[in-house]
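Q: I am new to this structure and would like to learn how to read it. Can we start from the model itself?

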Amino acid sequence: MKKDEPPLDFPDTLEGFEYAFNEKGQLRHIKTGEPFVFNYREDLHRWNQKRYEALGEIITKYVYELLEKDCNLKKISIPVDATESEPKSFIFMSEDALTNPQKLMVLIHGSGVVRAGQWARRLIINEDLDSGTQIPFIKRAMDEGYGVIVLNPNENYIEVEKPKIPVQSSSDSSDEPAEKRERKDKVSKETKKRRDFYEKYRNPQREKEMMQLYIRENGSPEEHAVYVWDHFIAQSAAEKVFFVAHSYGGLAFVELMIQREADVKSKVTAVALTDSVHNVWHQEAGKTIREWMRENCCNWVSSSEPLDTSVESMLPDCPRVSAGTDRHELTSWKSFPSIFKFFTEASEAKSSSLKPALTRRSHRIKHEEL
């Protein structure tokens, strides 16, 4: 760590960073038109990283605004019975999410820094809003008559500064002679002075010590999924519910199934997983869950094969097909058209009381274009 590191003091708006999203949804420098530059200052990796994180926080708020203004979603506070003083989180819902009698789509992102409405922060900053956010899914779902609920599974706690505990002087509780106490205090002060000097040299900008206050019944992505199911999805009027779950979101969905198996089976029509990290063995999903997943789920995985090409799996769960990209974070965006087709087929099959033809496309001959 360098002693001459600039202050970790960054703008709190996109304009302050001198960036804006253009008409294609790409983040560009206002003056130069260049994409975002990570290595803004050479040889100062920590500073560059902190700058990137500060921009990421602004992006998160920007996406929240788009969900409300562009997608007309409502921000709903949770827990639903939270007191004024306790930590709270929120989800987003369309106006008709609970009243739409036909269809409801539920979106769950993966783990990490992403928040409601995002698939990947890196894609939003370096590629565009379409590939990195859930907005194309939300808009198309609403166009096709779905109600929409957007989960926020990584918002599990709020951070507050740790209270400072006063250090008790050795002279406070000692029967030692005054001269000896003064000598010890002097040594103690010198030691502290040296330690503070070293700490300042090693870490010139000592950051505040923070503590985490967890949100009741939403302290993990898995808890959050069950909570939103119980208080919203299960209460919805929709005859058919559809999930799109990316990466860790797939694991959270499987955990929801384990805890609410009968309810999920009765309400959910189809589940699109994108490079899901669930594991039916480690999560101890029973035989009936595995059978249901084989019939009603499909996992679009990262693969260099063409989109929808069948991909072999060692696990006895749902069909796996190529997302048409080997980049994990791009799997949701690349499989976007196939997911809606999959949901339409599953919906029609349910309406005609037939078993959903979920794997029809997955048996396509590899490289049929050739």
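The dialogue below takes up a sheet, the helices on it, and one residue.

A: Note at the outset that this is a predicted model.

Q: In what order do the strands of the open sheet lie, and what is the pairing?

A: The order to read is that of the strands in the sheet. Here 8 strands make up an open sheet, ordered S3-S4-S6-S5-S9-S10-S11-S12, with mixed pairing.

Q: Which strands stand at the edges?

A: They are strand S3 (74–78) and strand S12 (320–322); each has a single partner strand, so one side of each lacks a neighbour in the sheet. From one strand to the next, the twist averages 20 degrees.

Q: How many bridges join S11 to S12?

A: Strand S11 (residues 297–301) is joined to S12 by 3 bridges, and the two run parallel. One residue pair to look up is Asn-299 with its bridge partner in S12, Arg-320.

Q: Which strands does helix H4 touch?

A: Helix H4 (residues 135–143) packs on the sheet and touches strand S5 (103–108), strand S6 (146–150) and strand S9 (240–246). The direction of H4 makes about 155 degrees with that of S6. Helix H11 (residues 336–351) also packs on the sheet, touching S5, S6, S9, strand S10 (268–274) and S11. Between the directions of H11 and S10 the angle is about 160 degrees.

Q: Why does Glu-261 count as partly exposed?

A: Partly exposed lies between the cut-offs of 20% and 50%. Glu-261 counts as partly exposed because its relative accessibility is 23%. Glu-261 belongs to helix H8 (residues 261–267). Beyond its neighbours within four places in sequence, Glu-261 contacts Leu-256, Thr-288 and Ile-289. Thr-288 is 27 residues apart from Glu-261 along the chain, with 8.9 Å between their C-alpha atoms.

Key: Residues are numbered from 1 along each chain as its sequence is written. This is a predicted model: local features need pLDDT of at least 70, side-chain atom pairs count only at pLDDT 80 or more; totals for chains, interfaces and linings use all residues. Side-chain values use heavy atoms; hydrogens and water are left out. Helices (H or I, at least four residues) and strands (E, at least two) are DSSP runs, numbered from the N terminus. Buried means under 20% relative accessible area, exposed over 50%, partly exposed in between (1.4 Å probe, protein chains only). Contact means heavy atoms within 4.5 Å. Two strands pair if DSSP finds at least two bridges between them. Axes are lines fitted to C-alpha atoms, for helices over the stretch in contact, and angles run from 0 to 180 degrees between N-to-C directions.
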